[in-house]
Structures are given as structure tokens and as C-alpha cells.
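Me: I am new to this structure. Please take me through its overall build and its interior.

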Amino acid sequence: MISELKINNFKGLTKLNIQNFSRINLFGGKNNAGKTTILEALFLFYDRLNPNMLIRQYNWRGMNEIPLKTESLFAPIFNSFNLDKEIKIEITEKGKSPEKMLIKYINDFSKSTAIIQGNDNINNNFDDNFFSSSYLDIIFKNGKNPKQELKIMINQNGLSLNVENGRPSEKQARFLSAKNNTHPNENAILYGELDINGDTEVVLNFLRMIEPRLKSLTSITLSNNMSLLYGDIGVGKKIPINYMGDGIGRVLTILLSIISNKNGLVLIDEIDNGIHYTIIPKVWDIISEVAEKYNCQIFATTHSYECLASAIDGISPDRHDEFRYIRVENTEENNQIGKIFTYETLEVAISNGWEVR
């Protein structure tokens, strides 16, 4: 599991160092404090061999059309949009030496009138004068393995990735956006994979804590070759799971992400989004239990005081030590700090009505 994170010059984060993470880590803080940016930095670190690693992040922010220009594609990930700065993301996992990700912009000229469409699809409508020789240089160092070097470039096929000594990350990460819901087809595919391995009863048992009428789930392939999950809640026929409300759909997505990502990490932006406050304690109980069962580390964000109070109410006593709340704050020096609350210190703050969001 990740125990320490350092971020320099990534988006709105100038300098941040957080230690003492646990299995369940919840970030809070004011708007623009950098909560979501921390999740994005973590995902970028593990999404290292994907040429669309930047586009995916813009999609999650609701940017579905992006001009294919340096200032639109590369500059937004640099602090203050300053391409002269170097981004550093350093992660330490328990029992391992730190690994660094260094990102530099190699200053050259690029020109394009093309548009990148959202959802990782690229519309390659380039003018005849298009060319690019500027790029992002990304280096991974961990002191043990040979240095990995990646170059992300803009070219006539969109974005390309050149790799030297590239190795896939040993840990897999999954990002759940607050703005873009996971497509029902993706959930159906994940559920079908669990069905093959005989793990669907785990999902059903947890979902019944929220919807006791749920008897079964079935992945149905439609005429357009897309799949949807249908549930039997005793109304005479099975109905799409999404018709049962946003809350159960959100919890299903979180569950499938954790179970299908054993020994990995799941990043959840605005974890309580779409979930009624009355069932959030149950959701915390579910998440903490399934994360432990599948050895998955959770990093999430929230703006909600109810979400914090529900974590205190919902997480079972034998998992209190696996919970951390981190309040992200800006300092007078324009750096960031993460004030860490254990379960016990957060419980004291909540019981006294202190403002800790």
C-alpha cells in the first residue's frame, strides 16, 4: 500500500507531502484546495503507458473537446500553466524504496487546428501545415530498475507515446469521476467477469444492505451489442439497475471497481455523490469491508460534513485503524499541507461539532 506521497508543481499543487496513509483515505478541504488533483496525480503515476493519459483527466473534468495545441494539452498539468516548471510525483509504498515520476516540457514549436474529442476518441482533422517537435519528457526512477523514459508528442495521428525501458505498473489504479458516471456497459462487463470467477454473490450481498429486495443481477446483451445489468426486485420482471436510483448505481460501480482491482487502488472523486445521507454509513461499512477483503487501497474526496460523520458511524471498530481523513489546506507560502486525522481524532472533532471540512 502507498504510505507517502509527494507532489511538486502539478496543476494547482505547488508543494505537497503527505505521510501515514492507510487503507481508506478521505480528502477534504475548501474548493480549489487540490483534493481532486491529488487523485489525478496518483492515477497519472500508474497510468504510465497510456498515450491518452492527459486526455482522460480532462474528460473527467468535463472537457470533452480539446484543441490539439501545446497550451491546451500540456500546459494545464503544470502549476500556474508554467511550462518551464518540472512536475515531480513521488510515491513510497510500504516496504519499497520511493519511485519518482518527473515530467518536463521540452520547449519547441507545435501547430495544429485539430480537435481531440472526449472519451479517448481522437478526431484527426489536421491542416496541411501541421507538425510538432515539442513533447513531454516523462522519467520514472526508483533506484532499483533501469530508468524508464516516455515521450508524449503531438503528431498527425493525435498523441503518440515513445517508450524506452517501459514497464507496466505492478499496481493497477481505477478512477471514478464525480462528473462523468461510469457507463452501464462497463459495469456489465465487469460484473460478467466476476460471474465467470464466481464472485457475484459478494456484490449481491453488499447491494442487499441498501436494497433488501434485490434477488439477483443479470448482464443482458442488447441489440446494439451493449450490455446492461438488470435486477430482480420482485416486481414481476427484471429492471435495469439504473432504474433503482443513483445511489445503488454508484455503490455498484464502487464495489465492482474494488473487487475487480485486487491489490490495486481505487480513486473516487466525491465519494458520496448521488448517495442519500441515510445510507452513507452503510456504504462506508461496505467499502471498508470489501477493500480489506480484496486488499485494495481507497483514496476519495468529499465536501460533505455528513460524509465525515457517516464514516465515524459506519466503519466497524475492527477497521478504525485503517481509516484516515486528510484535510488539504493552502499555506501562506502558496504550498499545500495535509492535516491528518485518525479515526479517533476525527471522532472527537465530529462529536464536538468542530469544522474540519
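Reply: Helices (H or I, at least four residues) and strands (E, at least two) are DSSP runs, numbered from the N terminus. This is a predicted model, in which local features need pLDDT of at least 70, side-chain atom pairs count only at pLDDT 80 or more, and totals for chains, interfaces and linings use all residues. Residues are numbered from 1 along each chain as its sequence is written, and side-chain values use heavy atoms, with hydrogens and water left out.

Me: How many helices and strands are there in the protein?

Reply: Both kinds of run occur in the protein. The counts are 9 helices and 21 strands.

Me: What share of the residues in the protein is buried?

Reply: Buried means under 20% relative accessible area, with exposed over 50% and partly exposed in between (1.4 Å probe, protein chains only). Of the 357 residues, the buried share is 54%.

Me: Which helix gives the most to the largest nonpolar core?

Reply: A nonpolar core is a set of buried Ala, Val, Leu, Ile, Met, Phe, Trp, Tyr and Cys residues joined through side-chain atoms within 4.5 Å. The largest has 58 residues, and L26, V203, L207, I271, W284, I298 and F323 touch the most other members. The helix that gives the most, with 8 residues, spans residues 246-259 and is helix 6.

Me: How many residues are in the other core?

Reply: This core lies apart from the largest one. I7, F78, L83 and V328 are among its members, and the count is 51 residues.

Me: What does the C-alpha trace span along its principal axes?

Reply: The span is given for the C-alpha trace of the protein. Along the principal axes it is about 60 × 55 × 35 Å.
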